[in-house]
Amino acid sequence: MSERKSYKTDLSDEQWALVEPVIIAWKGAHPSVSGHQGRYEMREIVNALLYQGRTGCQWDLLPHDFPPPGAVKYYFYIWRDDGTDQTIHDLLRWQVREQTGRKADPSLVVLDTQSVHAAAGVPAESTGRDAAKKVPGRKRGLAVDVLGLVIAVVVAAASAHENAVGIALLDKVAADTDTVEKALVDQGFKNTVVVHGASLGIDVEIVERNPQETGFVPQPKRWRVEQTYGILMLSRRLVRDYEHRPRSSESRVYWAMTAVILRRLTGATTPAWRTA
């Protein structure tokens, strides 16, 4: 790495050692036609992506001591399109689960959605208005395990019904794992999701609130997905949806969770808002 003052979002040597094998394998599978090894260090590309996710800055406002925005953008898009972002995330997630004595993939997931405002310039055709939450923008759906780790993510227009997002999440869960047997959802999801889950071999349970309870009351196991949404809000790039494509928004979630998982695996602390 070139000498520069480090940022709090930079990967430590221990963290980079967990990511580097995937990047090396990717480079090996995508050799340059000219045989050139690349002008920029891959570690610095990843550092720039983590910095941008945490701070929420625009591409052109990336600090000058990172590789040029065009180079960082190139790798963000190509890793988004070929699934490398999810591959890095999933391999690290498996390590966290195994570290806690669990199998690599879960048997139970928790589904929920979050509506976020879209920034100016985000194409209108990929946004909408959540009528229930009165939020114009996009809807972010997560499937997480009992540790709060992301198993699947779906981003759609905020006007999309919970059922549509729930069905898409179940499809992704079933495509990526063959171990999930049960899914917990809230009352926003309807029987359509239950029926679809059954067709995939997943028992979907709608967890109902106690009508006598008022305000926010954490529900057993289901609170984990709310915790994960809260953790993601520490990444300022996710506070609003700035991405032109929903798939880019999904990639931002994978990168944000990759940073969280790397800290868990290496025992590092999470930078607070006031020190970020």
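**Exercise 1. State what share of the chain is buried, and describe the overall build of the model.**

Solution. Buried residues, meaning those under 20% relative accessible area with a 1.4 Å probe and protein chains only, make up 49% of the 276 residues in the chain. The model is a predicted one, in which local features need pLDDT of at least 70 and side-chain atom pairs count only at pLDDT 80 or more, while totals for chains, interfaces and linings use all residues. Residues are numbered from 1 along each chain as its sequence is written, and side-chain values use heavy atoms, with hydrogens and water left out.

The next step is the secondary structure, where helices (H or I, at least four residues) and strands (E, at least two) are DSSP runs numbered from the N terminus. The chain has 8 helices and 6 strands, and from the N terminus on, its elements follow the order α-α-α-α-β-β-β-β-α-β-α-β-α-α. The radius of gyration, taken over C-alpha atoms, is compared with a globule rule of 2.2 Å times the number of residues to the power 0.38. For this chain the radius of gyration is 19 Å, close to the 19 Å that the rule gives for 276 residues, so the chain is as compact as a globular protein of that length. Along its principal axes the C-alpha trace spans about 60 × 45 × 40 Å.

The last step concerns contacts, which are heavy atoms within 4.5 Å. Among contacts between residues at least 6 apart in sequence, 65% join residues at least 24 apart.

**Exercise 2. Describe how helices α1, α2 and α8 pack against one another.**

Solution. Two packed helices are described by the angle between their axes and the distance between the axes. The axes are lines fitted to C-alpha atoms, for helices over the stretch in contact, and the angles run from 0 to 180 degrees between N-to-C directions. Angles under 35 degrees count as roughly parallel, over 145 as roughly antiparallel, 65 to 115 as roughly perpendicular and the rest as oblique.

Step one takes α1 (residues 13-29) with α8 (residues 246-266), whose axes are 10 Å apart at an angle of about 120°, and these two helices are therefore oblique to each other. The crossing of α1 and α8 is right-handed, the term for a near helix turned clockwise from the far one by less than a right angle, whereas anticlockwise would be left-handed. On the α1 side E14, Q15, L18 and V19 meet L262, R263, L265 and T266 of α8. By class, this contact has 4 nonpolar, 2 polar and 2 charged residues, where Ala, Val, Leu, Ile, Met, Phe, Trp, Tyr, Cys and Pro count as nonpolar, Asp, Glu, Lys and Arg as charged, and the others, Gly among them, as polar.

Step two takes α1 with α2 (residues 42-55), which pack at an angle of about 115° with their axes 10 Å apart, and that makes α1 roughly perpendicular to α2. The crossing of α1 and α2 is likewise right-handed. Here D13, W16, I23 and K27 in α1 meet M42, R43 and V46 in α2, a contact with 4 nonpolar, no polar and 3 charged residues.

Step three takes α2 with α8, whose axes come within 10 Å and cross at roughly 100°, so that α2 and α8 are roughly perpendicular to each other. V46, L49, L50, Q52 and G53 in α2 meet R252, W255 and A259 in α8, and by class this contact has 5 nonpolar, 2 polar and 1 charged residues.

**Exercise 3. Place Q95, V72 and K134 in the chain, and give the accessibility of each.**

Solution. Q95 lies in helix α4 (residues 84-99) and is partly exposed, the class between buried and exposed (over 50%), with a relative accessible area of 32%. Leaving aside neighbours within four places in sequence, Q95 is in contact with L18 and L265. Although Q95 and L265 are 170 residues apart in sequence, their C-alpha atoms are 7.9 Å apart in space.

V72 sits in helix α3 (residues 69-82), where it is buried, with a relative accessible area of 0%. Not counting residues up to four places away in sequence, V72 touches I45, A48, L49, W59, L62 and P67; of these, I45 is 27 residues away in sequence and 5.6 Å away in space, C-alpha to C-alpha.

K134 belongs to the loop between β2 (128-130) and β3 (135-144), and at 52% relative accessibility it counts as exposed. K134 is not a glycine, yet it has a positive phi of about 60°.
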